Amino acid sequence: SRFVITGLTENVSGDNAGLFGTFSGDKLNGITMIDAQISGTGGVGALAGRTTNSKLTVSGCQVYLKNDVNSHKGDDLNAVLGKASISGGTNAGGLIGAATAGVNIKDSFAATVITGGNSSSVGGLIGTAGAGTTIDNSYSDCYLGGQDAGGLVGGGSAVITRCYTAGFQKATGSSAGLVRGDANMTKPPTS
């Protein structure tokens with residue numbers, strides 16, 4: 001089944017912001033978010049600001065936030081980043097701000113504008129990915145701005161298969177196409 005959430009507005013002055021501030025469950029399936037505006041100071045993501053369950057699977061989730069990339073044709077990058085749909089925080093991602101215990105993401109995507117605060121990790125799908133994170137058959141098409149940026153993952157480690165990213169990045173620190181800087185891209189074992 002599919003759940004569609006339209007027009008969520010959340011401005012959290014505390015730690016984590018998203019549909020769930022902190023999520024400790026084991027499944028997020030079939031969620032579509034449209035026209036959301038989410039901001040906070042810790043982990044910020046459309047689905048969850050922070051996740052804590054190493055067995056969490058995110059499957060079939062889609063995020064089209066208010067300021068998707070198609071609504072900015074002709075704007076310069078600074079103008080686009082000034083209208084972020086997901087903003088603030090030390091970890092900001094299209095789906096999850098910080099996956100502290102790792103996460104398995106499959107068949108999902110985000111198309112939005114994301115900015116992070118000072119000393120931030122910003123990613124199209126995950127701001128910071130904990131050990132054990134896997135991403136399969138997913139993509140992001142995002143404008144990203146922050147200290148460090150990665151098309152799929154802003155920092156951490158992940159096993160990535162059958163994924164791609166598009167959009168633009170503006171990082172004051174380091175940036176990378178798929179996974180930023182100190183992340184480990186590991187090829188899955190062959191059978």
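**Exercise 1.** In this predicted model, find what I135 is in contact with, leaving aside its neighbours within four places in sequence.

*Solution.* Start at I135 and skip those close neighbours. Its contacts include I105, L125 and I126. Now move on along the chain. V153, V159, I160, T161 and C163 are also in contact with I135.

**Exercise 2.** Place I135 in the largest nonpolar core, and say which strands each supply at least two residues of this core.

*Solution.* First, count the members: the largest nonpolar core has 39 residues. Next, pick out those that touch the most other members. They are L47, V58, L95, V103, I126 and I135. Then turn to the strands. At least two core residues come from each of β5 (31-34), β13 (96-99), β18 (126-129), β20 (139-146) and β23 (158-161).

**Exercise 3.** Locate the one salt bridge of the structure and explain which parts the pair ties together.

*Solution.* Begin with the principle. Side chains of opposite charge can pair when their charged atoms come close. Here the partners are D136 and R162, with 2.6 Å from N to O. D136 sits in strand β19 (residues 134-136), and R162 in the loop between β23 and β24 (164-171), so the pair ties together parts 26 residues apart in sequence. Last, check the surface. R162 has a relative accessible area of 62%, which is over the 50% cut-off, so R162 is exposed.

**Exercise 4.** Decide whether A149 is buried or exposed, and find how far its C-alpha atom lies from that of G127.

*Solution.* A149 belongs to strand β21 (residues 148-150). Its relative accessibility is 0%, so A149 counts as buried. Now take the C-alpha atoms of A149 and G127: they are separated by 8.1 Å. Along the chain, A149 and G127 are 22 residues apart.

Key. Residues are numbered from 1 along each chain as its sequence is written. This is a predicted model: local features need pLDDT of at least 70, side-chain atom pairs count only at pLDDT 80 or more; totals for chains, interfaces and linings use all residues. Side-chain values use heavy atoms; hydrogens and water are left out. A nonpolar core is a set of buried Ala, Val, Leu, Ile, Met, Phe, Trp, Tyr and Cys residues joined through side-chain atoms within 4.5 Å. Buried means under 20% relative accessible area, exposed over 50%, partly exposed in between (1.4 Å probe, protein chains only). Helices (H or I, at least four residues) and strands (E, at least two) are DSSP runs, numbered from the N terminus. Contact means heavy atoms within 4.5 Å. A salt bridge is a side-chain nitrogen of Lys or Arg within 4 Å of a carboxyl oxygen of Asp or Glu.
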